[in-house]
Amino acid sequence: MSDVPAVKAALKSQAVETPSWAYGNSGTRFKVFAQPGVPRSPQEKLDDAAQVHAFTGVAPTVALHIPWDRVEDYGALAKYAEERGLKLGAINSNVFQDDDYKLGSVTHPDPAVRRKALGHLLECVDIMDATGSRDLKLWFSDGTNYPGQDDIAARQDRLAEALSAVYERLGEDQRMLLEYKFFEPAFYTTDVPDWGTAYAHCLKLGPKAQVCVDTGHHAPGTNIEFIVALLLREKKLGAFDFNSRFYADDDLMVGAADPFQLFRIMYEVVRGGGLTSGVAFMLDQCHNIEPKIPAIIRSVMNVQEATAKALLVDRDALATAQREGDVLGANAVLMDAYNTDVRPLLAEVREELGIAPDPMAAYRGSGWAARIVAERVGGEQAGWGA
Ligand code: PSV
Ligand code: MN
């Protein structure tokens, strides 16, 4: 697409969902460095998310993680979000931080533990009913550490049973997103290690079950854009958890480690109709050493820049070069788009949306960072509890 008004319209309608946990304290297993001004409640996380939306114009929803964002009244939390121009997004389940889950959650050998885990997943659907969220995101840390520890195939049966119970509970307009990750915390087998396993379960379940691609959850060298192209073709790409990695599941800012990979992924999204087919563009990141709100603003901008470049690919020229077997010509078409400086275009898009052209500078000048440091004194800062 090189029709500039159409490119701009597509950029204005793309929404990036920010994760509540990225606003809280986080770290590695070695140390969590607390930062001043960090939210102490889900409401304060929403206050920060509203700043990200105000300065980017394209981050109108916030994903919750349960129990990290547990509140008494989820309807009231949704109203709190709405009053700040936001909506609550995906509900992320958490069946990985309870002692009972040492040997697994929905795939645990003990049926009592499996029942407890399923109860949590169903509770998450109740929360979706109250918040009006469309998506339930499922990530399981389940797996084994040693050969022989458990029956690999039986664990798949238990997984299928739980997924199907959750699927049956979903409302008409609700979806479940099954996320995969090749290792960690399990080191020998993981029960949902790759897109193929997630796809196989989602295919059996039906159209409301789709795959979530967390960009940090692949072995080094994996061609993620191929997975994206294939899942889109099969109508099974439900969402992204965007982040970037140098080594393993680093959860760094999306587009920071490898902006070219992000462009290649976004090109396949554009090519496969994923910008308009309901794919959720979520961030799943942790800002351990950098200030959180500007890091999230920067991440949203990185997604926008990759999307803009993908939209600028001259699809006709590419198709011609591909048809003619012009290997270098086809590659040049992609590289021309990738090497375009799209920052002036995005500045125009923002001005047309009525916001400042440079979100980072506008946030810096807003005084919000100093205000939260001064006001958020006392209480317990939010953190991901690891
Ligand atoms: C697991 O590594 C994961 O990517 C899942 O999406 C979790 O919900 C999230 O990280 C927690 O940060
Ligand atoms: Mn994730």
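## Exploring the pockets of a predicted model

Start at one spot: a polar side-chain atom of Asp241 sits 3.2 Å from an oxygen atom of ligand 1. Keep in mind that this is a predicted model. Now for some exercises.

### Exercise A: the ligand and its neighbours

Find which residues surround ligand 1, and sort them by class.

Solution. Begin with the shell: ligand 1 is surrounded by Trp21, His65, Lys137, Trp139, Glu179, Lys181, Asp214, His217, Asp241, Asp249 and Asp284. Next, sort these residues: two are nonpolar, two are polar and seven are charged.

### Exercise B: polar contacts and burial

Besides Asp241, look at His65 and Asp249: how far is a polar side-chain atom of each from an oxygen atom of ligand 1?

Solution. Take His65 to begin with: the distance is 2.8 Å. Then do the same for Asp249, where the distance is 3.1 Å. To finish, check the cover: ligand 1 exposes 310 Å² when taken alone, and the protein buries 92% of that.

### Exercise C: the largest pocket

Work out what takes up the largest pocket, and describe its lining.

Solution. Step one is the occupant: ligand 1 takes the space of the largest pocket. Step two is the volume, about 1,400 Å³. Step three is the wall: 44 residues line this pocket, and the closest to its centre are Trp139, Lys181, Glu184, Pro185 and Asp249. Here Trp139, Lys181 and Asp249 turn up again from the shell around ligand 1. By class, the lining has 16 nonpolar, 14 polar and 14 charged residues.

### Exercise D: the second largest pocket

Decide which strand gives the most to the lining of the second largest pocket.

Solution. Get your bearings: this pocket holds about 430 Å³ of space. Of the 24 residues lining it, Glu17, Thr61, Gly89, Arg134 and Ala280 are the closest to its centre. Now go through the elements: β1 (16-19), α3 (74-83), β3 (87-92) and β10 (280-283) each bring at least two residues to the lining. The winner is β3, with four residues. If you sort the lining by class, you get 11 nonpolar, eight polar and five charged residues.

### Exercise E: a closed space

How many cavities of 30 Å³ or more are there, and what lines the largest cavity?

Solution. Count: there is one cavity of 30 Å³ or more. Then take its volume: the largest cavity has about 60 Å³ of space. Now list the lining: Ser20, Trp21, Gly24, Asn25, Lys45, Trp68, Asp69, Ala382, Gly383 and Trp384. These split into four nonpolar, four polar and two charged residues. Notice Trp21, a cavity-lining residue that also belongs to the shell around ligand 1.

### Exercise F: unusual backbone spots

Track down where the backbone departs from the common pattern, starting from the rule that most residues other than glycine have a negative phi, and most peptide bonds are trans.

Solution. Check the peptide bonds: the one from Ile66 to Pro67 is cis, with omega near 20°. Pro67 is in the loop between β2 (61-65) and α3. The bond from Glu184 to Pro185 is cis too, with omega near 10°, and Pro185 lies in the loop between β6 (175-179) and β7 (189-190). Recall that Glu184 and Pro185 are among the residues closest to the centre of the largest pocket. Finally, look at phi: Lys235 has a positive value, near 60°. You'll find Lys235 in the loop between α7 (224-233) and β9 (237-242).

Note on methods
Residues numbered from 1 in each chain as written. Chains lettered and ligands numbered in written order. Predicted model: local features only at pLDDT ≥ 70, side-chain atom pairs only at ≥ 80, totals over all residues. Heavy atoms only, no water. Near = heavy atom within 4 Å. Polar contact = N/O pair within 3.5 Å; in protein donor to acceptor, adjacent residues only side chain to side chain. Areas by Shrake-Rupley, 256 points an atom, 1.4 Å probe, with all protein chains shown as cover. 1 Å grid on protein atoms, 1.4 Å probe; cavity = no way out; pocket = protein on both sides within 12 Å on 5 of 7 lines; lining within 4 Å. Sits in = over half its atoms within 2 Å of the grid points. Nonpolar A, V, L, I, M, F, W, Y, C, P; charged D, E, K, R; others polar. Points joined across faces, edges and corners; volume = space filled by probe spheres on them.
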